[in-house]
Amino acid sequence: MESASNITTPQSLLRPHEVFQTGLMAQLLDGVYEGEMTVEELLTHGDFGIGTFNGLDGEMIILDGQCYQMRHDGSISPAQMHQKTPFAVVTHFNPVIKRDLPHNILRRSATQVLDDFTVSQNYMYAIKIVGSFEWVRTRTVIKQSKPYPKMVEATENEDIVQFDHCEGTIVGFRTPIYEQGIGVPGCHAHFIENSYQAGGHVVDFKLKEAHVEICPGTSLKLQLPLTPEFSQANLSPEDLAEQISKAEKHSS
Ligand SMILES: [Zn+2]
């Protein structure tokens, strides 16, 4: 018989772990698409993450310390160290929960299963899903030019692209609802195919079979841009919740 101390309780999966973020979701909603943080600096804060590039020039995915840029034209390339980001969330990925997911489930069910694996909805979680997919539907932000429109407007013409029968990795963060405006409440995830031929901001998926690894985050380091645009942005619009829910399907 196992002694009580050897039984893994969900609470025992928690250990202090930092999530690093640059920029705010509320800032993107207000059309502030330029930050000062370079990819090079961002990678010192984590080897795993998601975000976007200045001007909303595509979706960012960071996997195993490599940063990729997935543009709206479908191209995927390694990001250059000097490129900058207005919004990104990263962590040094050190998973404490490793499980197989049930086969043939949709995103909605996967989200429920992931919630069951985690300790509490009151922490942040970095989530990595590796496996084969029946299909993955993604969106990719379109590079914007100045004067920048607000995000709800900037993202309204994005189309959904579906990739069938593919193998790849989802990099995501589950963010508590109380972080609304700081981040994207709920699950925000990006996908990249193993061959680096396909990817984007995840809208929906159906798994064939997959393995998930989860790294709880217990502290958040937030770095804000020191730009006049950020200084002057309206980060508390009356319809913040509404804008977020519209942009959640689109957000970078
Ligand atoms: Zn995204």
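Leaving aside its neighbours within four places in sequence, with which residues is Ile61 in contact? In this predicted model, the residues that Ile61 touches beyond its sequence neighbours are Ile50, Tyr68, Met70, Val171, His190, Ile192 and Gly199. Ile61 also belongs to the largest nonpolar core, a group of 58 residues in which Met60, Ile61 and Ile127 touch the most other members. In soluble globular proteins, nonpolar side chains tend to be buried together.

## The chain as a whole

The protein chain contains six helices and 14 strands. Its radius of gyration is 18 Å, close to the 18 Å that the globule rule gives for 252 residues, so the chain is as compact as a globular protein of that length. Measured out along its principal axes, the C-alpha trace spans about 65 × 35 × 35 Å. Of the 252 residues, 39% are buried. When contacts between residues at least 6 apart in sequence are considered, 78% of them join residues at least 24 apart.

## The open sheet

Strands of a sheet pair through backbone hydrogen bonds, either parallel or antiparallel. Here seven strands form an open sheet with mixed pairing, and their order is β6-β5-β4-β3-β8-β1-β14. Strands β6 (76-78) and β14 (219-223) are the edges of this sheet, since each of them pairs on one side only. From one strand to the next, the twist averages 20 degrees. At one end of the order, β5 (residues 66-70) and β6 are antiparallel and are paired over three bridges, and Tyr68, which is one of the contacts of Ile61, has Pro78 in β6 as its bridge partner.

## Strand β13 and its partners

Strand β13 covers residues 199-217, and the table sets out three strands that pair with β13, each with one pair of residues that stand opposite one another.

| Strand paired with β13 | Sense | Bridges | Opposite residues |
|---|---|---|---|
| β9 | antiparallel | four bridges | Ile97 and Ile214 |
| β10 | antiparallel | 15 bridges | Lys128 and Glu213 |
| β12 (residues 186-193) | antiparallel | three bridges | Ile192 and Gly199 |

Strands β12 and β13 also form a hairpin with five residues between them, and in its turn Tyr196 has a positive phi of about 60 degrees. Ile192 and Gly199, which stand opposite each other in this pairing, are both among the contacts of Ile61.

Lys208 is found in β13 as well. Is Lys208 buried or partly exposed? Lys208 counts as partly exposed, because 15 C-beta neighbours lie inside 10 Å, whereas a residue needs 20 or more to be called buried. Beyond its sequence neighbours, Lys208 is in contact with His103, Asn104, Gly131, Ser132, Phe133 and Glu134. Lys208 and Cys166 are 42 residues apart in sequence, and their C-alpha atoms are 9.5 Å apart in space.

## A residue ahead of the strands

Leu13 lies in the segment before β1 (18-22). Leu13 is partly exposed, because 16 other C-beta atoms lie within 10 Å. Leaving aside neighbours within four places in sequence, Leu13 is in contact with Val96, Ile97, Val119 and Pro216. Of these, Val96 is 83 residues from Leu13 in sequence, yet the two are 6.3 Å apart in space, C-alpha to C-alpha. Ile97, another contact of Leu13, is the residue that stands opposite Ile214 in β13.

## Backbone features in the loops

Most residues other than glycine have a negative phi, and most peptide bonds are trans. Against that background, three places in the loops deserve a careful look. Leu56, in the loop between β3 (48-52) and β4 (59-63), has a positive phi of about 55 degrees although it is not a glycine. Leu56 is buried, because 26 other C-beta atoms lie within 10 Å.

Asn104, found in the loop between β9 (97-100) and α3 (107-117), likewise has a positive phi, near 55 degrees. Asn104 counts as exposed, because it has 11 C-beta neighbours inside 10 Å, and Asn104 is also one of the residues in contact with Lys208.

Pro147 is placed in the loop between β10 (124-139) and α4 (151-154), where the peptide bond from Lys146 to Pro147 is cis, with omega near -5 degrees.

Methods: Residues numbered from 1 in each chain as written. Predicted model: local features only at pLDDT ≥ 70, side-chain atom pairs only at ≥ 80, totals over all residues. Helix = DSSP H or I, 4+ residues; strand = E, 2+ residues; numbered from the N terminus. Buried ≥ 20, exposed ≤ 12 C-beta atoms within 10 Å, placed from the backbone. Contact = placed C-beta atoms within 7 Å. Core = buried A, V, L, I, M, F, W, Y, C linked by C-beta atoms within 7 Å. Rg over C-alpha atoms; globule rule 2.2 N^0.38 Å. Pairing = 2+ DSSP bridges. Axes fitted to C-alpha atoms, helices over the stretch in contact; angles between N-to-C directions.
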